[in-house]
Amino acid sequence: MPRASFDKTALLYNFVEKHIWEDYSSACTLINEYLSLEPQETIIDVGGGTGLIAKVLRSKAQNSDIVVVDLSRNMLQKLNDSTISAIQGDVTVFPLRDGTFSLAILINTVHHIPKEKQQASLREVFRILKKQVRILKKQGRIFIIEIYFPNTFFSNLFVKIETLLVGKTAHLTANAMKQEVHKAGFHAINVFFPKKYPYRYVTIGLK
Ligand SMILES: C[S@@+](CC[C@H](N)C(=O)[O-])C[C@H]1O[C@@H](n2cnc3c(N)ncnc32)[C@H](O)[C@@H]1O
């Protein structure tokens, strides 16, 4: 996925996410429902774009360090919040230290990474999470929200439009995601299928 794709859509991204697609509202609902936050997390929002979700996390985890990493400079420029750090970078080759974060979130990011690089991305996320096996609550966690469409006329049309706007996507089924997350080294992987959003699923794993 070329960086330029999201650079082009950055200007309208927040408006579209908040008022046209249900990506933002569904992510807020699913975070409320499935993500528990410790008082002091070190959170990395991978492919965090304009920081829409990082700002939601900030309102819930005021003492946490939050870093947004994204390929697109234009997306990051919209972040505009001095309490959240922004790094321009590629998840497949992070310039980040081992064991830095307690929680990694990837909201609608994985399907924008080419299929052949998705495993490398998950391994990188695994590497930068903390491992504190003796205290279960503080083990590094990965939290993923993804979308997988059925093979219908309208969903194929949607995927075509998305491809035109931001480049080719590579959606994984929930089962394939579970396998990829496991291959990357995570365990205790749970997948949830929220009733309210039939095309979306949540994957949570522990380091
Ligand atoms: C659909 S947007 C989601 C943004 C954000 N997570 C949200 O929910 O608002 C996908 C984001 O992933 C970023 N992205 C795609 N491939 C990436 C990569 N290899 N490394 C880092 N970011 C990437 C894009 O630049 C884009 O901002």
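Let's start on the outer side of helix H7, the face turned away from its buried side: here we find the exposed residues Asn-175 and Lys-183. Keep in mind that everything I show today comes from a predicted model.

Now turn the helix around. H7 runs over residues 174-183, and its buried residues are Met-177, Glu-180 and Val-181. Why do we say that these residues line one face of the helix? Look down the axis of H7: the buried residues fall within an arc of 100 degrees, so they sit along one face. There is a handy rule behind this kind of pattern: an α-helix has 3.6 residues a turn, so residues three or four places apart point the same way.

What covers the buried residues of H7? The cover includes helix H5, which is 115-128, together with strands E5, E6 and E7. And just after H7 comes Gly-185, with a positive phi of about 120 degrees.

Let's go through those strands, beginning with E5, residues 141-147. Seven of its seven residues are buried, so to speak a strand that is mostly covered. The residues of E5 point in two directions: Arg-141, Phe-143, Ile-145 and Ile-147 go one way, while Ile-142, Ile-144 and Glu-146 go the other, and all are buried. Notice that the charged names Arg-141 and Glu-146 are in that buried list too.

Who are the partners of E5? With E4, the pairing is parallel, over five bridges, and Ala-104 has Ile-142 of E5 as its bridge partner. With E7, the pairing is antiparallel, over seven bridges. Two places to find on your screen are Ile-144, which stands opposite Thr-203 in E7, and Phe-143, whose bridge partner in E7 is Ile-204.

Is E7 itself enclosed or open? Five of its seven residues are buried, so E7 is largely enclosed by the rest of the structure.

E7 also has E6 as a partner. E6, residues 187-192, and E7, residues 200-206, pair in the antiparallel sense over four bridges, and Phe-192 stands opposite Val-202 in E7. But how many of the six residues of E6 are buried? The count is zero, and the strand is hardly covered.

One residue of E6 deserves a second look: Ala-188. Its phi is positive, about 45 degrees, although Ala-188 is not a glycine. Ala-188 is exposed because there are 11 other C-beta atoms within 10 Å.

Asn-80 makes a nice companion to that one. Phi of Asn-80 is near 50 degrees, again a positive value in a residue other than glycine. You'll find Asn-80 in the loop between helix H4 (73-77) and strand E3 (85-88). With 11 C-beta neighbours inside 10 Å, Asn-80 counts as exposed.

Let's move to the inside. As a general habit of soluble globular proteins, nonpolar side chains tend to be buried together. In this model, the largest nonpolar core has 43 residues, and those touching the most other members are Ile-44, Val-46, Ala-104, Ile-105, Val-125 and Ile-144. Strand E4, residues 103-107, gives the most to this core, with five residues. You have already met Ala-104 as the bridge partner of Ile-142, and Ile-144 opposite Thr-203.

Which residues does Ile-44 touch, leaving out those up to four places away in sequence? They are Val-67, Val-69, Phe-101, Ala-104 and Ile-128.

Next, the ligand. There are 23 residues around the ligand, and Phe-6, Gly-47, Gly-49, Ser-72 and Val-91 come nearest. Four elements give two or more residues to this shell: helix H1 (3-19), helix H2 (23-34), helix H3 (52-60) and strand E2 (65-70). What is the make-up of the shell? Its residues divide into 11 nonpolar, eight polar and four charged.

Last stop: Lys-115, in helix H5. Lys-115 counts as partly exposed because it has 15 C-beta neighbours inside 10 Å. Compare its position with Asp-65: the two are 50 residues apart in sequence, and 30 Å apart in space, C-alpha to C-alpha.

If you'd like one thing to look at again later, take the strands: E5 has seven of seven residues buried, while E6 has a count of zero among its six. Thanks for listening!

Conventions: Residues numbered from 1 in each chain as written. Predicted model: local features only at pLDDT ≥ 70, side-chain atom pairs only at ≥ 80, totals over all residues. Near = placed C-beta within 6 Å. Nonpolar A, V, L, I, M, F, W, Y, C, P; charged D, E, K, R; others polar. Core = buried A, V, L, I, M, F, W, Y, C linked by C-beta atoms within 7 Å. Buried ≥ 20, exposed ≤ 12 C-beta atoms within 10 Å, placed from the backbone. Contact = placed C-beta atoms within 7 Å. Pairing = 2+ DSSP bridges. Arc of directions from axis to C-beta.
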